[in-house]
Amino acid sequence: MTRIEAAIQEYRAWCLAMNITNLEDLDTAIKAGRGIELINLCEARQERQYAGIANQIYWNRDSHRIVMMSGPSSSGKTSSALRIAQQCRVVGLTPKVIELDNYFVNREDTPKDENGEYDFEALGAMDIDLLGRQLGQLLAGKTVELPKYDFIKGRKVPSGRTMTLEKNDILMMEGIHALNPALTPAIDRSNIFTIYISALTSLPGGEKVHGTTATKRLLRRIVRDNRTRGISPEDTLMRWPSVRAGEEKNIFPFEGNAETVFNSTTLYDIPLLKYYAAPLLESIAESSPVYERAREVIDLLDRVTALKPAEIAAVPPTSIMREFIGGQTL
């Protein structure tokens, strides 16, 4: 059994212990007024997961000075990384962050896709040599000046920001290629602790099942991108096949390299996301090329009762779901 399969099995067992095995059970619980109870239980469960991962990092702190995290779109990687870093501080470690987005090659050196467009998701878009050299220097106790990528100019510029790894410092990085050994060929993998983050869920149970992993992530993205970037749900649905293709190419082939898996799903996320996503999806016209896909997602949402505003208010400001609906304090 793979680590991902084990994570899914563990989630199913936990849901069974909560007496919720399908959407019908979930809807019954929401209608019975258990919304806030489910929110509290799910958040407590995730806190235990964050603490468990931080413990693993602590136990391996002498050999694994680098922590690399990856996962598909809208898995909650940003929030998860922040919460794991928070738990690392609790056990006496000091997380330091390297943003992989600052290690792009210059624009003119970026590979192009089959349409002749720059492929910023390709591994070749990363300055692997610079990253490897600086990671090696950091592991050797040296000080490096971190790069800063100017996305307007399309090239790296001096940042003036230096970094040194002191005792009890842990270097944390998150990105689509983080689990691909080809990103860090110059670094011994024994120095790297790897984490895979995704909303791994698919509750069994008769004809009514929980949303698939991809659909749940799609809902998260629809809500977040509309709120933070003004992107319409129609545009998100139209871009989704390209997002999925990138995941199939750059993320899923390397998920088995993870030493631990964080399951970012929650039992209450479909009722929560329905409150925000349903009106957005209903606005998509029948003439739209993604109308049928929108109706499929609406059909899923129709199986559950949306959380009420008073219940949504109970979602903690540090929750992973706040990354999507807003109000996060991390």
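This passage describes a five-stranded sheet and one residue within a strand of that sheet. The model is predicted; local features need pLDDT of at least 70, side-chain atom pairs count only at pLDDT 80 or more, and totals for chains, interfaces and linings use all residues. Residues are numbered from 1 along each chain as its sequence is written, and side-chain values use heavy atoms, without hydrogens or water.

The sheet is open, with parallel pairing and the strand order S2-S5-S1-S6-S7. Strands (E, at least two residues) and helices (H or I, at least four) are DSSP runs, numbered from the N terminus. Two strands pair if DSSP finds at least two bridges between them. Strands S2 (94–97) and S7 (260–263) form the edges; each has a single partner strand, so one side of each lacks a neighbour in the sheet. Neighbouring strands are turned by 25 degrees against each other on average, direction ignored. Axes are lines fitted to C-alpha atoms, for helices over the stretch in contact, and angles run from 0 to 180 degrees between N-to-C directions.

S2 pairs with S5 (residues 169–174) in the parallel sense over four bridges. Proline 95 stands opposite isoleucine 170 in S5. Helix H5 (residues 128–139) packs on the sheet and touches S1 (66–70) and S5. The direction of H5 makes about 165 degrees with that of S5.

Threonine 194 lies in strand S6 (residues 192–198). Threonine 194 is buried (under 20% relative accessible area, 1.4 Å probe, protein chains only), at 2%. A polar atom of the threonine 194 side chain lies 3.0 Å from the backbone oxygen of asparagine 257. Beyond neighbours within four places in sequence, threonine 194 is in contact (heavy atoms within 4.5 Å) with residues including Met68, Leu179 and Thr260.

Definitions and conventions
Buried means under 20% relative accessible area, exposed over 50%, partly exposed in between (1.4 Å probe, protein chains only). A polar contact is a pair of N or O atoms within 3.5 Å; within protein, one must be able to donate a hydrogen and the other to accept it, and residues adjacent in sequence count only if both atoms are side-chain atoms.
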